[in-house]
Amino acid sequence: MLEVRDLTVRFGGITALDGVGCTVEQGEMVGLIGPNGAGKTTLFNCLTRRYDADSGSIRYQGRDLLALPPHAIAGLGIARTFQNLGLFSRMSVRDNVLVGAHPHSRTGFLSAALWLPVLRGEEARLRREADRVLERLDLADVADHPAAGLPFGTLKRVELARALASRPRLLLLDEPVNGLNQAEVAEFATTLREIREEWDLTVIVVEHHMGFVMGTCDRVVCLDFGRKIAEGPPEEVQRDPAVIEAYLGTPA
Amino acid sequence: MSEAIETREKSTAPASGPRPARSWLRFLEPRGHWVWIALAIALILPFQLVPFRVFQLTMVLVYAVALLGLNLLVGHGGQISLGHGAFFAVGAYTAAIMMDRWDTPYPWTLPVAAAVTFVLGLALGVPAARLHGLYLALVTLAIAIFLVPLLKRFEDVTGGSMGLTLSKPQPPSWTGLAEDQWLYFLALAVAVAAFALVAGLLRSRVGRALHALRDNEIAAEVMGVRLAFYKTLAFAWSALLAGAAGCVYTWVIGFVSPDSFTVNLSITLLAGIVVGGLGSQAGPVLGGLFVMFVPSFAQDINQGAPGVIFGLLIIVVMYVAPTGLAGLAGRAVRSFDRTLRKE
């Protein structure tokens with residue numbers, strides 16, 4: 001489904017990604033781990049076209065992603081969440097989720113201004129879909145509340161709901177359980193497993209919470225200083241000496 | 001901000017489950033009944049006031065339409081324009097030139113003025129979409145500065161510094177209205193139509209896309225919102241509304257000259273929408289009232305320095321009501337509603 005080859009990204013003198021390659025199969029859940037600054041989020045930013053790659057290629061369902069403009073990515077079924085939340089704070093939770101459905105609606109300025117029947121039908125459909133997602137993620141009670149001011153754990157769910165509203169096939173989660181307490185992490189892991197099943201999703205998740213990664217991912221890729229240092233089933237990667245060294249340093 | 005409070009208010013009402021669709025009136029929400037009350041008052045006023053007051057209210061409506069456009073761009077789209085007076089002027093001159101040169105019946109000048117300013121807004125919106133914050137402010141300011149000498153330069157079309165004097169639209173005899181009342185109702189019709197159009201825009205995915213790029217540009221783009229497209233079109237629609245307001249201005253005043261459309265107008269408009277309430281539905285009307293009445297009020301207080309008083313009043317309003325007059329009014333309306341409900 002996704003094939004990253006020899007991806008290199010440089011910022012000035014720093015090489016954030018250095019010839020990284022990996023493939024993700026349909027339906028897989030892949031964990032992307034590594035110490036801070038390893039290039040995990042940079043890889044996400046390349047996948048969503050926030051950053052340009054200096055060399056290498058990214059193919060998604062046979063298409064060259066690097067040739068597309070950033071706003072076209074969502075329409076292909078790639079959705080993401082952000083490490084430090086990227087919500088629209090002054091909009092209601094429902095409207096945040098509705099923005100997620102943006103690629104699946106067509107209304108332009110003129111038909112919206114005139115409130116044409118086409119728009120009314122589309123708007124009703126979008127609202128039904130959004131309400132279903134809100135319901136599924138237990139957000140119906142806060143649907144009319146502005147995003148600003150809600151608890152952090154709830155906001156994380158709102159971000160997930162917004163991503164799901166875009167009907168993704170590939171979901172990119174950037175540290176989804178960062179900042180959540182133990183109970184919330186367990187709950188999120190359960191929800192994610194169920195949703196993956198229900199929506200037939202392929203997931204790539206960047207996470208530092210090893211318990212979460214080991215418990216939910218089929219496969220783990222470990223980056224360090226922009227290079228891939230290990231890849232394989234979670235328990236193997238966990239024992240890999242290179243990974244242990246990257247996290248803990250070499251024994252003195 | 002006032003929207004934020006608005007939505008919180010709604011959630012305390014029985015909002016469980018999908019709310020029943022309430023026909024086409026829904027586009028006037030939130031707080032539909034206040035819209036109707038305001039409209040009813042607006043329909044009665046011209047029969048109760050002396051012609052000069054009616055004229056003043058007509059100008060409030062003209063400014064409200066321009067501010068509605070500016071609100072779309074600044075309040076909802078999170079962009080800035082220090083040059084909206086220029087679009088207002090282009091709308092005014094388009095109408096004036098059509099009426100002066102070709103004796104075009106005045107109703108035809110409105111769609112043409114709207115179309116001209118839309119295209120102009122589109123042309124300027126393309127580069128504007130690439131600029132941010134202060135850079136955008138500077139470029140739009142340049143448009144406003146550039147315009148006055150331009151109008152003076154093409155004397156044979158624009159009448160140069162002398163401007164153009166036109167005959168005002170006359171009321172059809174079947175209405176039985178006086179001229180000032182007729183002009184008032186023309187302005188009211190344009191204002192109501194403009195408000196309905198913008199309300200539709202804001203309730204749709206277009207409005208959500210604008211709000212999204214205002215709140216978080218990066219996330220909006222990741223969600224598939226084409227930033228350049230929405231910024232450019234917001235600019236163009238905003239210009240169109242300013243142009244329509246300018247056109248009605250020409251009808252009402254019957255005279256255009258370059259000195260009516262200096263940079264001052266652009267800055268007054270921006271001040272008007274900030275004071276009225278950015279991103280709120282009532283902001284343009286309250287801003288229009290402010291722009292119309294406060295300068296003359298300032299003049300009454302101190303003949304010598306109306307500018308100083310006007311400036312001080314802006315500071316006072318922003319201090320008392322940081323979310324603009326709309327935020328202040330919203331709070332008053334809600335407490336009034338609550339007392340009504342309790343009884």
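Into which domains is chain A divided? Domain 1 covers 1-77 + 168-252, and domain 2 covers 90-162. The model shown in these views is predicted.

**View 1. The two domains of chain A.** The C-alpha centres of domain 1 of chain A and domain 2 of chain A lie 27 Å apart. Domain 1 of chain A puts 6 residues into the contact, and domain 2 of chain A puts in 4 residues. On the side of domain 1 of chain A that touches domain 2 of chain A, 3 residues are nonpolar, 2 are polar and 1 is charged.

**View 2. Helix H2 of chain A, residues 93-100.** This helix is mostly covered, with 8 of its 8 residues buried. The run of buried residues in H2(A) starts with A:Val93, A:Arg94, A:Asp95 and A:Asn96. A:Val97, A:Leu98, A:Val99 and A:Gly100 complete the list of buried residues. What lies over them? The cover of the buried residues of H2(A) includes helix H4 (117-136) and helix H5 (152-165) of chain A. H9 of chain B is also part of that cover.

**View 3. A close-up of A:Val97.** A:Val97 sits in helix H2 of chain A. Is A:Val97 buried or exposed? A:Val97 is buried, because 30 other C-beta atoms lie within 10 Å, and 20 or more are enough for a residue to count as buried. Setting aside neighbours within four places in sequence, A:Val97 contacts A:Ala130, A:Val133 and A:Leu134. A:Val97 is also in contact with A:Ala161, A:Arg162 and A:Ala165. A:Ser55 is 42 residues from A:Val97 along the chain, and the C-alpha atoms of the two are separated by 35 Å.

**View 4. Chain B as a whole.** Chain B holds 15 helices and 2 strands. Of its 343 residues, 50% count as buried. Take the contacts in chain B between residues at least 6 apart in sequence: 77% of them join residues at least 24 apart.

**View 5. The side of chain B that touches chain A.** Here 30 residues of chain B are in contact with 34 residues of chain A. Five helices of chain B each supply at least two residues to this side: H1 (2-12), H8 (179-203), H9 (205-215), H10 (217-222) and H11. Which of them gives the most? H9(B) does, with 7 residues. By class, this side of chain B has 16 nonpolar, 7 polar and 7 charged residues.

**View 6. Helix H11 of chain B, residues 227-253.** How far apart are the end C-alpha atoms of this helix? They are 39 Å apart. The helix has 27 residues, so at 1.5 Å a residue the expected span is 39 Å, which agrees. H11(B) is mostly covered, and 24 of its 27 residues are buried. Just after H11(B) comes B:Gly254, which takes a positive phi of about 70 degrees.

**View 7. Helix H5 of chain B against H11(B).** Two packed helices are described by the angle between their axes and the distance between the axes. The axes of H5(B), residues 106-128, and H11(B) come within 7 Å. They cross at roughly 145 degrees. The crossing of H5(B) and H11(B) is right-handed. In the contact of H5(B) with H11(B), 19 residues are nonpolar, 8 are polar and 1 is charged.

Key. Residues are numbered from 1 along each chain as its sequence is written. Chains are lettered from A and ligands numbered from 1 in the order in which they are written. This is a predicted model: local features need pLDDT of at least 70, side-chain atom pairs count only at pLDDT 80 or more; totals for chains, interfaces and linings use all residues. Helices (H or I, at least four residues) and strands (E, at least two) are DSSP runs, numbered from the N terminus. The expected span of a helix is 1.5 Å times one less than its number of residues. A residue is buried if 20 or more other C-beta atoms lie within 10 Å of its own, exposed if 12 or fewer, and partly exposed in between; C-beta atoms are placed from the backbone. Two residues are in contact if their C-beta atoms, placed from the backbone, lie within 7 Å. Ala, Val, Leu, Ile, Met, Phe, Trp, Tyr, Cys and Pro count as nonpolar, Asp, Glu, Lys and Arg as charged, and the others, Gly among them, as polar. Axes are lines fitted to C-alpha atoms, for helices over the stretch in contact, and angles run from 0 to 180 degrees between N-to-C directions. A crossing is left-handed if the near helix is turned anticlockwise from the far one by less than a right angle, and right-handed if clockwise. Domain bounds come from an automatic or database domain assignment.
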